[in-house]
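Q: Hi! I have a model open on my screen and would like to talk it through. Could you help me find my way around?

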Amino acid sequence: MHPQYLAWSASTTSSLLYIEGKPGSGKSTLAKYFEKNLVKREPNARSSTVAHYFYTFRGTKLEPTHANMLRSILYAILEQDESAFFHFQQEFRNFRRGNFSEWSYDSLKTILSSFADHPSAKPLYLILDAMDESEEGDRRGIIQLLCNLCSKENPCNIKAFLASRPLAELNHRIQESHHVIKMQDENTGDISRFADDFLTRDLKLTGEILNEARDYITNHAQGVFVWVGLVRSELLRYAETGYRGPEILKLLKGLPQELETLYQRMFSRLEKVPLRDIQDGKRLFEFVLFALRPLTVEELRDALAVPDDHNSCHENFLQNKIIAISKRIEHCGGGFLEIKGNPP
């Protein structure tokens, strides 16, 4: 395990662990794994209070707000530990006297801040993911609040796990006095091995061209696994037409080095395909992006089989089912959709 994680885990006082990485470097995957396996990894967590929040600007207007984060965190704490109402009492009295319709933002901050001043029988774990997607207003104030909560001088026992892309306000306040893991430093070895594997096994590169291609990918990935996966897809797509080693290397060096620009390249290619492919691709994305869970290949086969004319008979639906559905998903998905497991 990483020494920064071990130091954070073993600490008998409050402490904060900051996971820094660019989009696609695995921060959220790590945060989800940590939340799911917290009790298994941290013996103290079995008798602790755990509160988790995921900032996102892709949901409702509330989800990137600090007020919504505070409400969610405080609700989770109180739901698990009724004795924590001690921290709410004064603000609750103010709330009742003022006959307010909802808790004020300052009251929510005051309540969470109060946990730093009073020791609790239960350790408190706070897991905050995607701080970079939070609203900028008062972001510094929330970061300062977290740093105060996790100060070693506090009598409480609060452990915070914070994941974010690089942010100046985070780096300024956290790196000196707390534990930091930078994904771009930790992923280099795994990215190099992954690149070496598909360059040799799938593209059959050897010698100096192999070494140059592997080193180029490793040095330009900046710890972002998603970028490497998309580069692999682009190279394999090109290789299907027949290629020479130097041509693969030239294409590799011409690909965008930023994830967003690479996405734009892939989307622009989708606009040049036949209309039927565009229609199927649009329907695939609608179902995948708005589903509450990952969909099966069979479910996507059914989604594409639904006639545009919803009054069509059941027989038309059965006739519309695509046989080679996996190939259709890969083709119309433009490299954005991934099939895991053994496709039919």
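A: Happy to; we can start with the sheet, go on to one of its strands and then turn to a pair of helices. Keep in mind that this is a predicted model.

Q: Great. In what order do the strands of the open sheet come?
A: The order is β2-β3-β4-β1-β5, so to speak from one side to the other, with five strands in parallel pairing.

Q: And which strands are at the edges?
A: Those are β2 (49–54) and β5 (179–182), each of which pairs on one side only.

Q: How many degrees are neighbouring strands turned against each other on average?
A: The average is 10 degrees, with direction ignored.

Q: Let's look at β4. Is it mostly covered or not?
A: Mostly covered: β4 spans residues 158–164, and seven of its seven residues are buried.

Q: Which side chains point which way there?
A: Ile158, Ala160, Leu162 and Ser164 point one way, while Lys159, Phe161 and Ala163 point the other way. All of them are buried, Lys159 included.

Q: Why the switching back and forth?
A: Because side chains in a regular strand alternate between the two faces of the sheet.

Q: OK, and how many bridges join β1 to β4?
A: Six, and β1 (residues 15–20) runs parallel to β4. If you want a landmark, serine 15 has lysine 159 of β4 as its bridge partner.

Q: What about β3 and β4?
A: β3 (residues 124–129) pairs with β4 over five bridges, in the parallel sense. Here leucine 124 has isoleucine 158 as its bridge partner in β4.

Q: Which helix goes with β3 and β4 in the β-α-β unit?
A: Helix α6, residues 139–149; together with β3 and β4 it makes a unit that is right-handed.

Q: And β3's pairing with β2?
A: Those two are joined by six bridges and run parallel. Phenylalanine 54 stands opposite aspartate 129 of β3.

Q: New topic: at what angle do α15 and α17 pack?
A: About 75 degrees, with the axes of α15 (residues 297–305) and α17 (residues 325–333) 10 Å apart. The two helices are therefore roughly perpendicular to each other, as angles from 65 to 115 degrees count as such.

Q: Which residues make that contact?
A: From α15 you have Val297, Leu300, Arg301 and Leu304, and from α17 Ile325, Ser326, Arg328 and Ile329.

Q: How does that split into nonpolar, polar and charged?
A: The contact of α15 with α17 has five nonpolar residues, one polar and two charged.

Methods: Residues numbered from 1 in each chain as written. Predicted model: local features only at pLDDT ≥ 70, side-chain atom pairs only at ≥ 80, totals over all residues. Heavy atoms only, no water. Axes fitted to C-alpha atoms, helices over the stretch in contact; angles between N-to-C directions. Helix = DSSP H or I, 4+ residues; strand = E, 2+ residues; numbered from the N terminus. Parallel < 35°, antiparallel > 145°, perpendicular 65-115°, else oblique. Contact = heavy atoms within 4.5 Å. Nonpolar A, V, L, I, M, F, W, Y, C, P; charged D, E, K, R; others polar. Buried < 20%, exposed > 50% of the residue type's maximum accessible area, 1.4 Å probe, protein only. Pairing = 2+ DSSP bridges. Right-handed = clockwise from strand over helix to strand, strands pointing away.
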